[in-house]
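The following paragraphs guide a reader through a protein structure, beginning with its charged pairs and ending with its overall make-up. Please keep the sequence and the model in view while reading.

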Amino acid sequence: MRPCNPVPLFYRVYSPPLPRSLFTKTFFISSLPLFHFISTCSVLISISLSLFHYPMSNPTINGDLTSPLLSSDVILTISDQATNGDSTTTTSPPPNPFDFLGAPPLEIPPPCPIDPFRNHTPGFRGLYEWLKVLIILPVVALRLVLFGLCIAVGYVATWVALQGWKDLSLPLTLWRRRLMWITRICARCILFSFGYHWIKRKGKPAPRELAPIVVSNHVSYIDPIYYFYELCPTIVASESHDSMPFVGTIIRAMQVIYVDRFSPASRKFAVNEIKRKASSNSFPRVMLFPEGTTSNGRFMLSFQHGAFVPGFPVQPVVVRYPYVHFDQSWGNISLPMLMFRMFTQFHNFMEVEYLPVVHPLESKHDSAAHFAERTSNAMSSALNVLQTSYAYGDVMIVSRAAEVTKQAACSNYMVEMAWAKNMFDVNTSEALELLDQFLSMNPDSNGRVGLHEFTTAFGLGFCPLSEKIFQYFDVEHKGSISFRQYLVGSAHIRMQEMFLGSCATAFEKCKNTSFQISFNELGDALQSTIPCTNHNVAQLFSIFDIDKDKLISRDDFMTCLSKYPFLIALFTHCVKDPCLIEIV
């Protein structure tokens with residue numbers, strides 16, 4: 001079948017009927033090119049003006065159903081493998097050095113090819129942006145004056161409202177709440193100074209009796225300012241916010257629930273406080289950002305479950321920031337730069353949509369995780385965005401990697417922490433500890449470590465066993481490993497049922513009569529597995545000697561193998577008989 005030639009754009013713009021007279025027809029046909037040229041220019045000019053002036057938002061942000069399903073954030077990797085019908089090539093898997101533990105070969109799904117924390121306009125680009133900054137500088141000065149005045153007035157009003165309030169566990173009295181309206185109006189004026197002259201709102205807040213808990217996606221520091229003006233809720237925030245000047249005082253007036261996300265006791269206390277304040281109508285509604293950090297608004301991060309454990313109805317709210325030239329998300333951009341960019345915009349667009357209340361199910365199978373998943377589905381559907389397994393832990397990993405490597409772009413260190421925690425029970429603290437180990441191997445600019453760097457960092461030397469250990473992590477057969485592979489591989493080894501028993505058995509085989517392992521005894525134990533040079537043994541002994549007392553105790557041995565689980569392969573000859581493994 002012959003392919004159809006596409007009709008040019010200018011033929012589709014306007015197709016007038018041909019006149020009947022011969023002279024007019026000849027004149028009309030001869031003038032068609034000029035007419036088509038004028039029509040085409042008109043279309044192009046109108047499109048350019050609409051893109052330049054009209055506040056069209058990014059399709060992936062504002063949930064436009066006509067937008068492309070894949071944005072520029074998503075990179076498709078197409079494997080082009082030629083197949084021959086006459087012969088097939090099969091690659092045998094590399095030897096598994098952890099087979100004695102019952103650990104199967106490592107299988108890791110490919111990483112999600114997106115960065116939900118990337119700000120797409122971190123700097124000024126194009127002549128228009130620079131001209132706009134120059135033109136609006138006088139307005140910026142007025143905005144700064146308004147901003148400072150609102151901060152001062154709001155702080156004074158809040159300070160007066162908190163005078164004499166001794167018991168912070170009790171709700172604010174009526175006169176204190178009324179006085180806080182001054183601060184709330186100042187918050188709206190602050191939004192105005194940032195260029196949010198009007199804010200589009202869809203839906204309305206549900207009555208507090210119906211939904212005492214409100215959850216929202218988190219894109220910018222503008223979100224809590226707006227919700228303070230709109231709802232004045234009790235928020236859940238990190239303890240570090242209390243020490244911030246001006247902001248800390250206002251947060252205390254909101255009867256904030258402080259939480260240390262790395263402390264199980266603090267998280268448990270926060271959940272109890274959420275339950276206590278949500279169950280009493282004397283307190284304002286409770287507001288949480290279950291993503292735990294800001295994203296660029298194009299994807300939904302994994303939800304934390306603190307808002308859903310109490311089992312109260314939840315009203316989800318979604319916020320969008322449509323833009324043309326300036327991405328307002330607080331991603332990989334500094335706060336001063338983000339604020340300056342906001343001040344230098346003619347107008348910043350913001351849309352807030354209140355969604356229907358999500359109720360907990362009466363079924364016993366409706367856990368907090370399932371409740372959070374249903375709420376996340378409702379919010380991602382309203383935003384028309386994809387849900388991901390990225391979490392706050394990924395932000396901390398990227399920040400630590402950027403701090404150590406001095407590189408601006410460290411998104412290749414992300415591991416999708418929600419997925420890693422669910423599959424391998426790895427928390428953020430453990431991931432950061434593994435990251436420090438990985439960074440000590442001196443990864444390259446792509447965040448990958450080769451065989452030489454891997455063996456050198458742990459004193460393994462180049463030998464068949466060290467090569468097998470490295471190949472176990474290198475599931476992509478690239479000759480280098482990523483942090484994601486190192487984390488998942490280490491966690492996979494450590495979660496094997498026979499791991500702790502094998503570690504205990506290895507120590508029993510290597511210990512002396514004093515129930516310790518000396519430098520020479522460690523060298524004798526490793527003689528049959530790796531090249532036992534003085535340098536290699538000294539480096540390994542330093543790793544195992546946790547308390548640095550020149551001897552390896554049982555606690556040192558077990559702690560070291562818990563931190564570096566792949567080192568158990570060095571003691572294969574000690575535990576190769578399953579009957580010798582001590583049950584711990």
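A search of the whole structure, which is a predicted model, finds 14 salt bridges. Side chains of opposite charge can pair when their charged atoms come close. Three of these pairs are followed here in turn.

One of the salt bridges joins E129 and R341, whose closest N and O atoms are 3.1 Å apart. This pair links distant parts of the chain, for E129 belongs to helix α5 (residues 127-162) and R341 to helix α10 (residues 335-343), with their positions 212 residues apart in the numbering. Both E129 and R341 are buried.

Another salt bridge is formed by R201 and E230, with 2.3 Å between the closest N and O atoms. Here a strand is connected to a helix: R201 lies in strand β1 (residues 200-202), while E230 lies in helix α7 (residues 222-230), and the two residues are 29 residues apart. Is R201 buried or partly exposed? R201 counts as partly exposed because its relative accessibility is 42%, and the range for that class runs from 20% to 50%.

A further salt bridge pairs E508 with R554, the closest N and O atoms being 3.5 Å apart. The two residues are 46 residues apart and again link distant parts of the chain, E508 being in helix α18 (residues 499-510) and R554 in helix α21 (residues 554-563). E508 has a relative accessible area of 34% and is therefore partly exposed. R554 is likewise partly exposed, with a relative accessible area of 30%. Salt bridges can also share partners, and in this way K202, R320, E351 and E353 are joined into one network.

The record adds an annotation to the chain. An unreviewed UniProt entry assigns the annotation "domain: EF-hand" to residues 532-567. Within residues 532-567, helix accounts for 58% of the span and strand for 0%, and the end C-alpha atoms lie 15 Å apart.

The view may now widen to the protein as a whole. The protein contains 22 helices and 11 strands. Of its 584 residues, 45% are buried. How many of the contacts between residues at least 6 apart in sequence join residues at least 24 apart? The share is 74%. Finally, the accessible surface of the protein comes to about 30,500 Å², and carbon and sulfur atoms account for 62% of that surface.

Methods
Residues numbered from 1 in each chain as written. Predicted model: local features only at pLDDT ≥ 70, side-chain atom pairs only at ≥ 80, totals over all residues. Heavy atoms only, no water. UniProt positions renumbered as here; feature names shortened; annotations may be inferred. Helix = DSSP H or I, 4+ residues; strand = E, 2+ residues; numbered from the N terminus. Salt bridge = Lys/Arg side-chain N within 4 Å of Asp/Glu carboxyl O. Buried < 20%, exposed > 50% of the residue type's maximum accessible area, 1.4 Å probe, protein only. Contact = heavy atoms within 4.5 Å. Areas by Shrake-Rupley, 256 points an atom, 1.4 Å probe, with all protein chains shown as cover.
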